[in-house]
Structure formats: C-alpha cells, structure tokens
Amino acid sequence: HLATSLPLPSERDHLRPRIDLVVFMIDIKSKYSLKNVETSLAHVDARFFLGKVCFLVTGVGRVNACSIETNAVCKLGETYCSPVLFCELELEGVRAATAQRLVRMLAICAGHIPGVSALSFVSLMRKSDDD
Amino acid sequence: EKADPQKTAFLLRKAWTLYSVTPMYGFRRARLRDYARLLGAFIAAEKHKGLAVEVGVELDIKVALSSLADIRGSELDQAALLVQLSSRSQGSSRNSEDKPVWWGWFCSVFGDELSENVPEHFTCLPLFLSHGAESYTALVGSWFQKTFDCCFRRLAISPLNLSWMVAMWAGCKLDRAASAVELVFSVPRLAQPLDISYAIHPEDAKALWDTVQKTPGEITQEEVDVFMDCLYAHFHRHFKIHLSAAKLVKVSTAIASAHCDGIVKILHSQYLPGVLMLLTELAISQIQ
C-alpha cells in the first residue's frame with residue numbers, strides 16, 4: 001500500500017489489512033520529502049518502532065543533486081531506532097536488490113520466519129551498522 | 001590576507017567554470033617562463049594537427065604564466081597561478097596589441113587539509129577556474145595533465161552547497177545598495193521544464209539571516225536549514241508551491257552567484273577570499 005503522507009484516511013480503517021512494515025521513502029534530491037516523513041512519523045504508533053519501521057533513501061547515485069545531508073537521515077534513523085537503507089532506484093540491479101531486501105524484512109516482520117522476530121532482526125542490523 | 005584590489009580586479013564579474021585539480025607533480029615556480037613557452041608550442045602544434053580552435057583569421061596564441069601572490073589563505077597555501085592566452089592576429093600592424101582570449105587560474109585558499117598530507121614534490125592547487133572558449137580550456141587542461149600528472153574534473157555544486165552559499169552570502173554586510181538575493185529552482189518530472197525564480201530584497205534576506213545566526217563568524221547546517229525553511233515557507237504561503245521539492249540550481253547575491261553546473265561569478269573584491277575558501281573546500285572534497 002502506497003501513501004504520500006500519514007495519517008492514512010480513517011474512512012478505510014476497517015478495510016485495511018494488518019500493517020507489518022512501514023517504509024518511509026526519502027528522496028535525497030527533495031528537502032520536502034524529508035520534512036514530509038518527519039511530520040508523518042508523529043502519526044505512527046510507538047509499537048511500530050520495535051523493528052517494523054525502516055527508512056529508504058533514494059537517489060543516492062547522484063552526489064551532485066543532494067538537497068539533504070546524509071547525516072540528518074542517519075540521525076533520524078538513530079532517533080527512531082530504525083534502519084536506514086540507501087538505494088538508487090534508477091539502477092535496475094540496485095532496485096531489484098533493494099526490493100528483495102525489503103521483502104525479506106517484511107517476511108520477518110509478518111512473523112513468517114520462525115525464530116527471528118522483527119525486534120531481534122533490527123538489533124542485528126544495528127550491531128552490524130556500528131561495526 | 002586581503003588581496004590587492006587592482007591586481008585582482010580582472011577576476012571579478014567574469015563567469016568562471018570550476019574544476020577540481022589533483023596535486024601536480026614536479027611543478028616548479030621558477031620555471032614559469034619555460035612552461036609558458038612549452039604550452040604555447042603545444043597549442044600551436046595541436047592547431048597544426050587540425051584541432052583548430054577558432055575558424056577564420058589565423059590567430060597566433062601567446063601564453064603567459066604568472067603568480068598571483070596575494071591569492072592564498074594561509075602560509076601552507078601555494079600562491080595562485082594564472083594562465084593567460086592572448087591572440088595577435090597575423091598580418092596586422094606592428095603596433096597591434098595582444099587581445100586576451102582565455103584565462104585560467106589555479107588557487108588554494110585554506111586548502112590545508114590537502115596540502116598537509118601530500119608527499120614531496122607535489123604542488124597543491126586544488127581549485128581551477130577558467131573563462132573563455134571551452135576548446136582552449138581542453139588544450140590547457142590536457143597539457144597540464146600530461147606535464148604534471150594531475151587530473152582535472154568539472155566541479156558541480158549540489159543544492160545543499162548552494163543553500164550554504166546563499167545563506168552565507170546573503171548575510172554579508174554591504175555598504176552600498178545591494179542587488180536582490182535570487183534563487184532559481186528547476187522543477188523535475190514535468191513535460192516542459194519549468195524554472196522558478198525567487199527574488200528577495202537583500203535587506204530582508206540579511207535581516208532573516210541575522211535572526212537565525214547565533215554566533216557571528218560561525219555557520220551551522222541547522223542555521224542554513226532554518227534560513228532556507230523560512231524562505232520556502234514564505235513562498236508556500238503565497239504561491240502554494242513547495243520549493244523544497246524542486247531542485248535549487250542557481251543562487252545570486254550581491255557578493256557572488258553560483259550555478260549547480262559549477263559556474264561562479266564573484267562580484268565583490270572584499271569577499272573574494274571567503275568565496276575562494278568555500279570553493280577550495282568543495283574542490284578538495286571532490287578530490288578525496
């Protein structure tokens with residue numbers, strides 16, 4: 001399900017399936033997208049930040065078109081205890097690899113992988129980031 | 001630290017194309033006359049090969065290399081190096097003057113980060129600025145690359161860096177009436193490309209920056225963000241357009257103007273060192 005911002009319209013609440021993972025997409029070329037994500041974060045229930053939220057930064061292939069500081073996004077990830085993934089959607093290989101990563105994360109968040117919970121997975125990712 | 005305004009007047013009000021240059025090997029300041037002769041011979045030879053630069057009158061290109069001693073930041077910086085190409089058309093009277101057709105200069109203003117870590121025999125002048133025909137830039141560039149084993153790369157300026165520049169320059173104190181602070185945005189993903197030009201009265205821009213900046217002489221990313229957010233919010237209030245979603249491509253102030261393709265124009269001699277220091281930093285981060 002795609003949405004340009006949160007909160008989701010309440011009219012369709014009863015029709016909506018369970019949400020297992022929220023991916024916030026930030027376009028490094030658009031300051032507006034970061035601001036939009038920051039305001040939308042306020043509408044997310046705290047329980048989601050136990051491994052069911054991730055930030056996806058797109059457009060990182062073009063260093064010269066940066067409107068956002070990478071530090072700002074990494075700090076956002078730290079503040080909300082959620083992983084930050086970087087990708088370039090215009091490169092087919094990277095796009096496919098990122099999609100696979102997200103699907104794997106989704107499978108874990110939905111409880112389809114026995115023995116791995118969303119929370120344990122996220123702390124695993126954080127540990128490898130520090131290394 | 002202040003450059004002599006007379007000597008550097010020719011640097012002002014010209015559109016300079018920016019490049020980053022890796023450290024040059026084996027460059028000796030004492031041999032400038034030799035280098036000028038060699039470069040001149042190289043250009044003549046390339047023209048002979050049929051890589052003619054300008055069609056029409058047969059032009060004799062004269063090369064002059066000189067040092068601009070005043071253009072440097074600290075003692076660690078090398079003095080700037082100026083390359084000037086002039087033409088004297090053949091067959092004209094003996095008293096014909098040389099007409100400058102191309103300028104290029106290498107400089108380093110507080111480029112300590114690079115020069116501190118460089119081995120012996122290397123000269124660090126990471127910022128290169130050129131004005132004139134692109135074909136001459138290519139000739140001069142390829143001679144320097146071959147002779148000193150260095151590498152030239154076009155220096156692009158990201159929207160992030162452009163917003164630093166406009167915040168810094170809009171906040172500068174100017175004695176006489178200043179021109180408007182202008183930001184040009186390009187709107188992505190439209191069938192017809194759309195440019196938005198946002199002009200702000202220089203006094204308003206300076207007043208805004210003064211309320212944002214906490215420590216004079218110091219600028220933080222947060223302060224630049226607040227400054228830009230105020231400008232975006234103001235624009236959105238009036239036109240319902242989120243400029244923060246567009247790409248900032250050019251900024252203009254009374255001090256200087258800069259375009260994301262890596263083209264700058266410096267308008268005020270007093271702030272020349274400050275502008276060059278910022279550009280040197282950009283050039284160094286592209287090299288590293």
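**Two chains, two domains, one shared core**

Chain B is divided into domain 1 (9-154) and domain 2 (159-260), with bounds from an automatic or database domain assignment. This is a predicted model, where local features need pLDDT of at least 70, side-chain atom pairs count only at pLDDT 80 or more, and totals for chains, interfaces and linings use all residues. Residues are numbered from 1 along each chain as its sequence is written, chains are lettered from A in the order in which they are written, and side-chain values use heavy atoms, with hydrogens and water left out.

Biologist: How far apart do the C-alpha centres of domain 1 and domain 2 of chain B lie?

Modeller: Happy to start there. The two stretches are 9-154 and 159-260. Their C-alpha centres are separated by 33 Å.

Biologist: Where does the largest nonpolar core lie?

Modeller: Such a core is a set of buried Ala, Val, Leu, Ile, Met, Phe, Trp, Tyr and Cys residues joined through side-chain atoms within 4.5 Å; buried means under 20% relative accessible area, exposed over 50%, partly exposed in between (1.4 Å probe, protein chains only). This one has 59 residues, and B:M165 and B:L183 touch the most other members. Because both domains of chain B give residues to this core, it lies between domain 1 (9-154) and domain 2 (159-260).

Biologist: Which residues is B:M165 in contact with, leaving aside neighbours within four places in sequence?

Modeller: Contact means heavy atoms within 4.5 Å. By that test, the partners of B:M165 are B:I157, B:V251, B:A258, B:L278, B:L279 and B:L282.

Biologist: Turning to the two chains, how many salt bridges are there between chain B and chain A?

Modeller: Good one. Here 15 residues of chain B are in contact with 14 residues of chain A, and the area buried is about 1,100 Å² (accessible area, 1.4 Å probe, that two parts lose on being put together, summed over both). A salt bridge puts a side-chain nitrogen of Lys or Arg within 4 Å of a carboxyl oxygen of Asp or Glu, as B:D225 and A:K31 do (3.5 Å, N to O). The count between the chains is 3.

Biologist: And A:S33, does that count as buried or exposed?

Modeller: A:S33 is found in helix α1 (residues 31-41) of chain A, helices being DSSP runs (H or I, at least four residues) numbered from the N terminus. Beyond residues up to four places away in sequence, A:S33 touches A:I26, A:D27 and A:I68. Its relative accessibility is 11%, so A:S33 counts as buried.

Technical notes. Helices (H or I, at least four residues) and strands (E, at least two) are DSSP runs, numbered from the N terminus.
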